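Visitor: Please take me through one part of this protein up close. I would like to start with a hairpin loop and then see how its surroundings fit together.

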Amino acid sequence: MTTPVRCHRGGTMQERPLGWARNPLTEFDQLLSEMSGLIESTVGGAAPAVAWTPLADVTESDDAFYIEIDLPGVKNKDIDVEVNGQELVVTGEIKEKERKGGLRRGARRTGAFEYRLRLPGEVDTEKINGQMSDGVLTITVPKAEVAKPRHVEISEKSESTESSG
């Protein structure tokens with residue numbers, strides 16, 4: 001049985017089977033963006049702006065969780081980080097740049113963004129901090145003392161305490 005393939009306009013065959021995407025989330029995000037643009041052009045811009053979610057990695061060490069969010073070109077003053085209960089919310093806006101001439105192709109995201117993350121219960125929300133470096137916002141969420149692993153020493157019980165008869 002053969003798998004269907006997609007032909008491009010130039011007549012070349014695509015090597016991947018139909019429905020096989022490089023990154024389905026990227027294609028879904030692109031579809032949402034195109035649909036939003038279609039709605040705006042139909043309604044005349046009356047549709048509310050939808051916040052998009054930036055790409056992020058969440059890693060864990062023995063002491064903390066680290067959230068790295070890609071925000072190229074964003075200034076610290078345009079980012080807001082809040083902790084509400086066990087939810088971390090990062091919001092902000094990437095402003096459109098003024099350009100000379102017409103834009104031939106645009107793939108960069110602009111506008112309001114929002115990143116939400118549910119934190120585990122064993123974190124110290126009072127000591128969360130953020131640092132921006134090279135377009136990457138790194139948020140450090142320290143673990144609470146209770147949650148940190150601790151080594152338990154095992155002692156040997158001496159048998160000399162038993163009475164001999």
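Guide: Helices (H or I, at least four residues) and strands (E, at least two) are DSSP runs, numbered from the N terminus. With that in hand, find D134 in the loop between β8 and β9. This is a predicted model, in which local features need pLDDT of at least 70 and side-chain atom pairs count only at pLDDT 80 or more, while totals for chains, interfaces and linings use all residues. Residues are numbered from 1 along each chain as its sequence is written, and side-chain values use heavy atoms, with hydrogens and water left out.

Let us stay with D134 for a moment. Its phi is near 55 degrees, a positive value in a residue other than glycine. D134 is also exposed, because its relative accessibility is 79% (buried means under 20% relative accessible area, exposed over 50%, partly exposed in between, with a 1.4 Å probe and protein chains only). The hairpin that holds D134 has two residues between its strands, β8 and β9.

Now look at the strands themselves. Strand β8 covers residues 129–133 and runs antiparallel to β9, with five bridges joining the two (strands pair if DSSP finds at least two bridges between them). Across this pairing, M132 of β8 faces L137 in β9.

Follow the chain out of β9, which covers 136–142, and you come to K143 in the segment after it. K143 counts as buried because its relative accessibility is 11%. What does the side chain of K143 contact, at 2.6 Å? The partner is the side chain of E60, and the link is a polar contact (a pair of N or O atoms within 3.5 Å; within protein, one must be able to donate a hydrogen and the other to accept it, and residues adjacent in sequence count only if both atoms are side-chain atoms). K143 also lies over the face of F65, 5.2 Å from the ring centre (a charge sits over a ring if NZ of Lys or CZ of Arg is within 6 Å of the ring centre and within 35 degrees of the ring normal).

These partners lead us to another hairpin. Strand β3 (residues 56–60) pairs with strand β4 (residues 64–70) in the antiparallel sense, over five bridges. Three residues make up the hairpin connection from β3 to β4, and T59 stands opposite Y66 in β4. In the loop between these strands you can find D62. D62 is exposed, because its relative accessible area is 55%. From D62 to K143 the separation is 81 residues in sequence, yet 8.0 Å in space, C-alpha to C-alpha.

Another link between distant parts of the chain is the one aromatic pair that the structure holds. The rings of W52 and F113 have centres 5.8 Å apart and planes at 55 degrees, so the pair is tilted (rings of Phe, Tyr and Trp, with its six-membered ring, pair if their centres lie within 6.5 Å; planes under 30 degrees apart count as stacked, over 60 as edge-to-face and the rest as tilted). W52 sits in the loop between α1 (24–43) and β3, F113 sits in strand β7 (residues 111–118), and 61 residues separate them. W52 counts as buried because its relative accessibility is 12%, and F113 counts as buried because its value is 2%.

Finally, step back to the whole protein. There are one helix and nine strands, in the order β-β-α-β-β-β-β-β-β-β from the N terminus on. Of its 165 residues, 18% count as buried.
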